[in-house]
Amino acid sequence: MSSSSSSSSSDSSEEESMSEGEMARLMEEVEEKKKLISNMRNKPWRMKRRLAALKEAQQFVEKFEGALGKGKGRKLYAYKVMMTKKWIKFKRDFDNFKTACIPWERKIKEVESHFGSSVASYFIFLRWMYGMNLVLFGFTFGLVVIPEVLMGLPYGSIPRKTVPRAEQPTAMDFSVLWDFNGYAKYSVLFYGYYNNQRTIGFLKFRLPLSYLMVGVGTFGYSLMVVIRTMAKNANESGGDGEEGEFNFSWKMFTSWDYLIGNSETADNKFASITTSFKESIVDEEENQKDENIHLRRFLRVLANVLILCSLGGSGYLIYFVVKRSQEFAKMDNVGWYEKNEVEIVMSLLGLVCPPLFESIAELEDYHPRIALKWQLGRIFALFLGNLYTFLFALFDEVNQKLDEEESIKNATIWATNMYYSNYTGNSTAVTPPPINPADVIRGPCWETTVGIEFVKLTVSDIQVTYITILVGDFLRAVIVRFLNYCWCWDLEAGFPSYGEFDISGNVLGLVFNQGMIWMGAFYAPGLVGINVLRLLTSMYYQCWAVMSCNVPHERVFKASKSNNFYMGLLLLILFLSLLPVVYTIMTLPPSFDCGPFSGKKKMFDVITDTIELDFPAFMGKLFSYAANPGLIIPAVLLMVLAIYYLNSVSKAYQNSNIELKKKMQMQRDEEKNRRNNKDSTNSVMKDLEDLLPNKSMIANKAPDNSAIDNKKDQGNSQKVTGRPGAAAPKGAGVNLQKEVSLAAPNPRIAVTRPPGPRAPRPLPGNPRLAPPGPYGRGPPPPRMGRGQPRRQ
């Protein structure tokens, strides 16, 4: 104990007696050791040397880092160093915690290891959409549904919250609820339930304004998130560069993760590396493929013509079915198929057309990644055409309901007046009781009708998707697995075989479903909650199906490093979903007896009423000036010019990046040629030697001193020749001499005397006394200068 205390006191006294220069030098050494610790992975050393150097550096830093302060400041500096280390450890642990909190990360990694990045990109996209819809669900339920339930009028208090008396006997039947009628129709799920009171509850909550703001804010938030994600993906994929350089070598020697300690994780990593090799092999084969260009163009044009015919036929079929359903709606005794014919036909088209497109696309013979994009675009055109055809037919029905609503409104007013006039005629002393809400004549409430159609489409799409997976994948896999031993042919190799995961169909199903959510959420606030449940169950259900029922694609290919193609489709469907909602808000009159906007000419009148009643007068003037077309048009033009300028700058940056990549590639090629071009260099030097007459211009020179010194340092006794251009020993490169010339080398001897007079030269036209050349060739020169050695 005494020895240790004495050593510590001596160390402290030494540290206190250090000068400023010693402190600065010690600080530099500590910083160098820190840099060595941080860059240890980049050192081309063996693991034993790395561990020894790392241990030595860490001990040095721990020993001297606290000695860099002075006097009382030393403890403060040591405290800062300790807190810095703890903060770094906290950030590392927090990053690990955030990674562990990412939902379904392990499931997606497992899918990626067995099926490749293309299949995993679908589940990443599904997880991203679940997060976005969870936020939309919070907006809708927190600002619309919960305020109405807690502070609004209860069920049965007003007609819009009461089931009509004629429908009450069957309002709880399963078949009625399955069609979202009865009590489901007069609930918080749909637009018609919400009251048009300007403020509700003790908080004076403005429900109509909140309903409109949430409907518009849904599109604003979705647009912001999609564009931000696209920009983030573009930034992540922009600096990756090309992967064509030594692709297989990098995969072979750098793919394994040596931190894996779990056998299951190791199996997944092994499968992932194998899959990545398959992906790279497919890319390499596609790059080296030779094809008949004229035949290929003809087949691609034929495939596009067939697909266009299929798209036109599906659009006409949907329009015909919607028109037919309007006729069925006027009948009394209608069967189940007639009631759900539109949803059944649209679901079947979404089920049949993608495999048909995929069969037609075999004629084109694109690379799998390009073929996937074409397939996605075609299915997107199919879904979008079907959706807009459905909307056009639906708005025809809305126009008919608006005409019907005017007559019902007049009939309701007349019936109310007759009721009160008859009651006051019989008894004038008593106040007439109010009409029972179940007996009031109702309007068609076209907003609720549109919301029901979107909810039915969403539910039918969920049913078709799950049943298709259960029958088309699970039952098919069971048959192939257990009947293959007793069948006439090989079921695994032939028909039906195991199914492959349909990337294009599933991605477009998600995009199409999200478009319906964006359109229908304004008419049915509960639709967002249904979609959240659908995405949550789809993640578990489809992960189970793909791991237990599917096999990897025969042509495994890499997904794009960024999912911007998926995001681009989502952005397009978002814009196209916004158009019907904006048309509804700005053009169509709301229903007179249901919804938060009843009693107004247009839905956006809620904003003008709020500005007039709740804001100061000058704010109303500012809004009126801001809504002036003379100000809006220049602002739009300025935005267009700004977008054009930014686009031009972006293209200029892209071109400069391409040029820099070309220069870097050329520099790498030149470096590669300079290192690896031994044979060509030797052959050129030999040709130069052969051009010299009788090799008389090459001096017999002693071996190069520098080469001999290098060989001595390396301990190699190989013979070194002075011949220019001769190949060096193996592994030493090409022996290129910079001093190759046609004259003899100058002697390297110190000059001790001044030079003597020059010898007389021959006159012009007379022959020279001696031919030029090195000593030893021809007669000696007439006189030697002083300081030059004589020839032995």
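## Contacts, core and helix packing in a predicted model

Leaving aside neighbours within four places in sequence, T449 is in contact with E397, K401 and P444. The model is a predicted one. T449 sits in helix α15, which spans residues 446-483. Is T449 buried or exposed? Its relative accessibility is 18%, under the 20% cut-off, so T449 counts as buried.

**The chain overall**

The chain holds 23 helices and 2 strands. It has 792 residues, and buried residues make up 34% of them. Take the contacts between residues at least 6 apart in sequence: 76% of these join residues at least 24 apart.

**Annotated spans**

An unreviewed UniProt entry carries the annotation "transmembrane region" for residues 134-155, 209-227, 301-322, 375-395, 516-537, 565-586 and 622-646. Two of these annotated spans can be checked against the model's geometry. Residues 134-155 are 82% helix and 0% strand. The end C-alpha atoms of residues 134-155 lie 28 Å apart. Residues 516-537 are 73% helix and 0% strand. For residues 516-537, the end C-alpha atoms are 18 Å apart.

**The nonpolar core**

The largest nonpolar core has 101 residues. Which members touch the most other members? They are F123, F125, F522 and L570. Helix α14, residues 368-426, supplies the largest share of this core, with 16 residues.

F123 can be followed further. Not counting residues up to four places away in sequence, F123 touches I108, V111, F501, M539, Q542, C543 and V546. Two of these partners, I108 and V111, belong to helix α5, residues 105-115. Both are buried there, as are S113 and F115. After α5 comes G116, with a positive phi near 95 degrees.

**Helix pairs**

Three packed pairs are set out below.

| Pair | Angle between axes | Axis separation |
|---|---|---|
| α2 and α3 | about 140 degrees | 9 Å |
| α16 and α18 | roughly 30 degrees | within 9 Å |
| α15 and α16 | about 160 degrees | 10 Å |

Start with α15 and α16, which pack at about 160 degrees. That angle is over 145 degrees, so α15 is roughly antiparallel to α16. The crossing is left-handed. On the α15 side, the contact is made by F454, L457, T458 and D461. On the α16 side, the residues are N513, M516, I517, M519 and G520.

Helix α16, residues 503-520, also packs on helix α18, residues 564-586. The crossing angle is roughly 30 degrees. That is under 35 degrees, and α16 and α18 are therefore roughly parallel to each other. This crossing is right-handed. From α16, the contact residues are I503, V507, L508, V511, Q514, G515, W518 and M519. From α18, they are Y566, L569, L570, I573, L574, L576, S577, P580 and V581. L570, named here in α18, is also one of the core members that touch the most others. M519 of α16 takes part in the contact with α15 and in the contact with α18.

The remaining pair in the table joins α2, residues 20-38, and α3, residues 47-64. Why do α2 and α3 count as oblique? Their angle of about 140 degrees lies outside the parallel, antiparallel and perpendicular ranges, so the pair is oblique. The crossing of α2 and α3 is left-handed. Helix α2 contributes L26, E29, V30, K33, K34, L36 and I37 to the contact. Helix α3 contributes L54, E56, A57, Q58, F60, V61 and F64.

**Positive phi outside glycine**

Which residue has a positive phi of about 60 degrees although it is not a glycine? That residue is F180. F180 lies in the loop between α7 (174-178) and α8 (207-238). F180 is buried, with a relative accessible area of 14%.

C445 is another such residue: its phi is positive, near 50 degrees, and C445 is not a glycine. C445 lies in the loop between α14 and α15. C445 is buried too, at a relative accessible area of 9%. The loop of C445 therefore joins two helices already met here: α14, with the largest share of the core, and α15, which holds T449.

Conventions:
Residues numbered from 1 in each chain as written. Predicted model: local features only at pLDDT ≥ 70, side-chain atom pairs only at ≥ 80, totals over all residues. Heavy atoms only, no water. UniProt positions renumbered as here; feature names shortened; annotations may be inferred. Helix = DSSP H or I, 4+ residues; strand = E, 2+ residues; numbered from the N terminus. Buried < 20%, exposed > 50% of the residue type's maximum accessible area, 1.4 Å probe, protein only. Contact = heavy atoms within 4.5 Å. Core = buried A, V, L, I, M, F, W, Y, C linked by side-chain atoms within 4.5 Å. Axes fitted to C-alpha atoms, helices over the stretch in contact; angles between N-to-C directions. Parallel < 35°, antiparallel > 145°, perpendicular 65-115°, else oblique. Left-handed = near helix turned anticlockwise from the far one by under 90°.
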